[in-house]
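User: I want the labels on this model justified. Take each term, give its cut-off, and set the value against it.

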Amino acid sequence: MSDVVLTGLWGLVAGSALLLGALVGYGVRVPQKVIAMVMAFGAGVLLSAVSFELVGEAYDEGGLGPAAVGTLVGALAYTVGNLWLARRGARHRKRSGSAEGETQPSEGEQGGSGTALALGALLDGVPESAVIGVSLLDGGAVSLVTVAAVFISNVPEGLSSSAGMRKAGRSKAYVFGVWGAIAAASTVSAVLGYTVVGAFSPAVIAAVTAVAAGAILAMIADTMIPEAFENAHLAIGLVTVCGFLVSFALSHA
């Protein structure tokens, strides 16, 4: 099996977790505290992966400069994109709809919000998937830790967001159409991460890895942790640390 096909398959595996979470979030009435704790755990997993698999790798390959600049650029790019989408109805796209004033709008409440929600899901998912492809450049084998981290974090993302979509009156076709498209985009993103980024120098690869890390960090702080804190603020620290340690253990296994 070629490396390109293998990369695409791993991207699809990670992206399919969004569909799994959406299936549970849309079809099952999951208690809000459970959603919050799963989200906190996923945030911890991603924080560890960003630290040890992405920023650490970028630093080892390109030094402090590319790693720092790339991380800042990624965070800035995500923030600008997120601000643009927030004004169009996607501010609370990962919210389950439990808190008043922090629910996803219906199409009737804000026209175009459905498209904004879909674009927001794409903004959140692409950086995570791209680093799966980039990880294959290091030693010719995909980083299973990165795949596991993205998969584990995608489940609560899909779960919480889909629960919020259901409460906003989104149809089943819309919800699963969005997450199916994002799973497909994850596949393409992973392939592009391998084929396009692989043509560049180690310093550029390091910077691109750091850009993805910065975007993921900004996403965690802006969308995942607030949802977790809203319903499990007394336990969020402990649950997040547990997720961090699971990812850390995987990276050192």
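Analyst: The answers below go from the overall fold to single residues and ring pairs. This is a predicted model, in which local features need pLDDT of at least 70, side-chain atom pairs count only at pLDDT 80 or more, and totals for chains, interfaces and linings use all residues. Residues are numbered from 1 along each chain as its sequence is written, and side-chain values use heavy atoms, with hydrogens and water left out.

User: What makes a segment a helix here, and how many helices and strands are there?
Analyst: Helices are DSSP runs of H or I with at least four residues; strands are runs of E with at least two; both are numbered from the N terminus. By that rule the protein chain has eight helices and zero strands. Its pattern along the sequence reads α-α-α-α-α-α-α-α.

User: Why is Ser247 called buried?
Analyst: Buried means under 20% relative accessible area, exposed means over 50%, and partly exposed lies in between (1.4 Å probe, protein chains only). Ser247 has a relative accessible area of 2%, so Ser247 is buried. Ser247 lies in helix α8. Across the protein chain, buried residues make up 49% of the 253 residues.

User: Which residues does Ser247 contact, and what counts as a contact?
Analyst: Contact means heavy atoms within 4.5 Å. Leaving aside neighbours within four places in sequence, Ser247 is in contact with Val45, Ser48, Ala49, Val145 and Ala149. For the protein chain, residues 24 or more positions apart account for 85% of the contacts with a separation of 6 or more.

User: Why does Gly70 count as buried, and what does Gly70 touch?
Analyst: Gly70 has 4% relative accessibility, so Gly70 counts as buried. Gly70 lies in helix α3, residues 64-90. Not counting residues up to four places away in sequence, Gly70 touches Ala207, Ala210 and Val211. Gly70 and Gly214 are 144 residues apart in sequence, yet 7.2 Å apart in space, C-alpha to C-alpha.

User: What makes a set of residues a nonpolar core?
Analyst: A nonpolar core is a set of buried Ala, Val, Leu, Ile, Met, Phe, Trp, Tyr and Cys residues joined through side-chain atoms within 4.5 Å. The largest one has 19 residues, and Leu46, Leu54, Ile216, Met219, Ile220 and Met224 touch the most other members. Helices α2 (32-62), α7 and α8 (236-251) each supply at least two residues of this core. The largest share of this core, nine residues, comes from α7. Apart from it lies another core of 14 residues, among them Ala121, Val178, Trp179 and Ile182.

User: Which contacts does Leu46 make beyond its sequence neighbours?
Analyst: Neighbours within four places in sequence set aside, Leu46 is in contact with Glu128, Ala149, Ser153, Glu157, Ile216, Met219, Ile220 and Met224.

User: Why is Val196 called partly exposed?
Analyst: Val196 stands at 43% relative accessibility, so Val196 counts as partly exposed. Val196 lies in the loop between α6 (172-195) and α7 (202-232).

User: Where is Val126, and why does Val126 count as partly exposed?
Analyst: Val126 is found in helix α4, residues 113-135. Val126 has 32% relative accessibility, so Val126 counts as partly exposed. The C-alpha atoms of Val126 and Ser189 are separated by 6.0 Å, with their positions 63 residues apart along the chain.

User: How many aromatic pairs are there, and what makes two rings a pair?
Analyst: Rings of Phe, Tyr and Trp (its six-membered ring) pair if their centres lie within 6.5 Å; planes under 30 degrees apart count as stacked, over 60 as edge-to-face and the rest as tilted. The count comes to three aromatic pairs.

User: Why is the pair of Tyr26 and Phe176 edge-to-face?
Analyst: The ring centres of Tyr26 and Phe176 are 5.8 Å apart and the planes stand at 70 degrees, so the pair is edge-to-face. Tyr26 lies in helix α1 (residues 3-27) and Phe176 in helix α6, so the pair ties together parts that are 150 residues apart in sequence. Tyr26 is buried, with a relative accessible area of 18%. Phe176, at 24% relative accessibility, counts as partly exposed.

User: What kind of pair do Phe52 and Phe244 form, and why?
Analyst: The ring centres of Phe52 and Phe244 are 5.9 Å apart and the planes stand at 65 degrees, so this pair is edge-to-face. Phe52 lies in helix α2 and Phe244 in helix α8, so the pair ties together parts that are 192 residues apart in sequence. Ring pairs link Phe52, Phe244 and Phe248 into a cluster.
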